[in-house]
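Colleague: I am new to this structure and would love a close look at a single part. Could you walk me through one sheet and then go on to a helix or two?

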Amino acid sequence: MGKKVKLIPSTINPLTQTPLDSITKRKTAAYARVSTDSDEQYTSYEAQVTYYSKFIQDNPKWEYVKVYADEGITGTNTKNRQSFKEMINDALEGKIDLIITKSISRFARNTLDTISYVRKLKAKGIEVYFEKENLWSLDDKTEFLLTIMASMAQEESRSISQNVTLGKRWGMQEGKVSFAYKNFLGYKKVDGKIVIDEDQAVIVRLIYRQFLIDGKTCSGIASFLKEHNIKTPSGKNCNWTKNTVDSILTNEKYKGDALLQKKYTADYLEHRVVKNEGQLPQYYVENNHPAIIDREDWEQVQTEMKRRAILGASYSSANVFASKIKCEDCGGFYGRKLWHSNEPYAKYVFQCNKKYRNKEDKCKTPTMSEDDIKRMFIKTYNEIMKNRSNLITDTKEVIALLRNTTEIDDSITSYRNEIEVVSNMITKMVNENAVLLQDQNEYLKRYGELERRYEKTKSLLDKFLEERKYKEGQAIRLESFLKNLENHEAIITAWSDEIWMFMIEEAVVHRDKSITFKFYNGIEKKMSHQS
């Protein structure tokens, strides 16, 4: 008998793994996304959700699961798209048979992500329908077309990202400042203008006051705000951190200015944002909007931050005298101690923190009472202020000298030009060596000479840059001192935490109980304990 071949028809769809004659409805979901979180896009987001809900429910062959939607999320990667991730997981767990989305660019603009997820779903018999392109992912011809179209979508994303970036940079050059109002404490937008939100500005001023006047650390301020249930800039909770307080104290926007392009996007696909440390130009806009903090006070905060950074772990915010009163013998700080704590006449005194650390060579500076320190400062302040008008005039003259950096700026320009010339010479020489046959010993000799010339010029440039930075810092400190000099009384009869914190850099206690008070303008005056 001859060989016979009998066909047994397939009964299961190899892709969907469902019976061919099945009338079971396909469990269908949709994915919607809008690219920004702006108010203008909200209606688009709502419209997509409404459209797909109706679109699925109107098809008798589909069973409606849900519409997964990400609002205000970029499409170039899927790292932060929570609804997208939830949808993929639900599909892989068998809760979805078919996913409908508007287009490839809505699903993912990253080619690798698009192909990867489609293949992963396809392996489980789950189909994706791209409405705009009319592509069904289980179709054999789809993957090739999908690869091409996804690549086009990715290139479109790159182009859009580049155009957006260029647009922002042009805006920066024109001094256009944007605020992230939702996460920025103290300001709001009214009729297109940046205005102070007085309810929030109270908190900003409190933070600056606690840092400058009360001497609190950023961690201490954060703890205070937490304890008093004050909302963070995001308004979501009261979980203040040291870094949040630090960012408020160092943000130039609170003095009415704006530094643009502090950060930039290094990778448009991953949206990796990095700090701009000179890779791109920055733009500084002065007097852009109303200031919450006086310019001089803001600068004083920056000066105080630097002072505390130098002190490091030795800085204390326990009281207004902490980290200001120093021991003549060891240079360490005085701290507050409680004497006779278990007795009726217990009292607080100030003494050198290192007084008893070394028994053989302990500090011989005396213990001081708080009343004595305050009394001696008030007398010193009043004596200094007898010549207040001359002091103001002299301070203004010193500030003018410090602000005049013409010669330094000329030197900086000259050395920068020299560096550019040498850099071009080195580049040219290296390029020539790559294409022309040369004596390598002679080449290395010339290269070494140019390298030494570059390093010498760079060293001189750094020196002048540092000198200008120092003069600017001194000028800022004196301007803050001058403001307080002009704003406070010429004669005081009572103690003032504010005058002490703003006027005094340090106070050195001597063995005879006298104290030398050093003011921020450089004036030093020694006051006898008996005075």
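Modeller: Happily; here is the sheet, followed by two helices. This is a predicted model, in which local features need pLDDT of at least 70, side-chain atom pairs count only at pLDDT 80 or more, and totals for chains, interfaces and linings use all residues. Residues are numbered from 1 along each chain as its sequence is written, and side-chain values use heavy atoms, with hydrogens and water left out.

The sheet is open and has four strands in the order β12-β16-β17-β18, with mixed pairing. Its edge strands, each pairing on one side only, are β12 (325-327) and β18 (524-527). On average, neighbouring strands are turned by 25° against each other, direction ignored; axes here are lines fitted to C-alpha atoms. Strands are DSSP runs of E with at least two residues, and helices are runs of H or I with at least four, numbered from the N terminus. Two strands pair if DSSP finds at least two bridges between them. β12 runs parallel to β16 (residues 504-509), joined by three bridges, and C327 has V509 in β16 as its bridge partner.

Now to helix α9 (residues 295-311), where Q300 is found. Q300 counts as buried because its relative accessibility is 1%, and buried means under 20% relative accessible area (1.4 Å probe, protein chains only). Leaving aside residues up to four places away in sequence, Q300 touches L212, R477, S480, F502 and Y520; contact means heavy atoms within 4.5 Å.

Last comes helix α12 (residues 406-435), whose buried residues are I408, I412, I419, V422, I426, M429 and N433. What covers these buried residues includes α13 (440-487).

Notes. Axes fitted to C-alpha atoms, helices over the stretch in contact; angles between N-to-C directions. Buried < 20%, exposed > 50% of the residue type's maximum accessible area, 1.4 Å probe, protein only.
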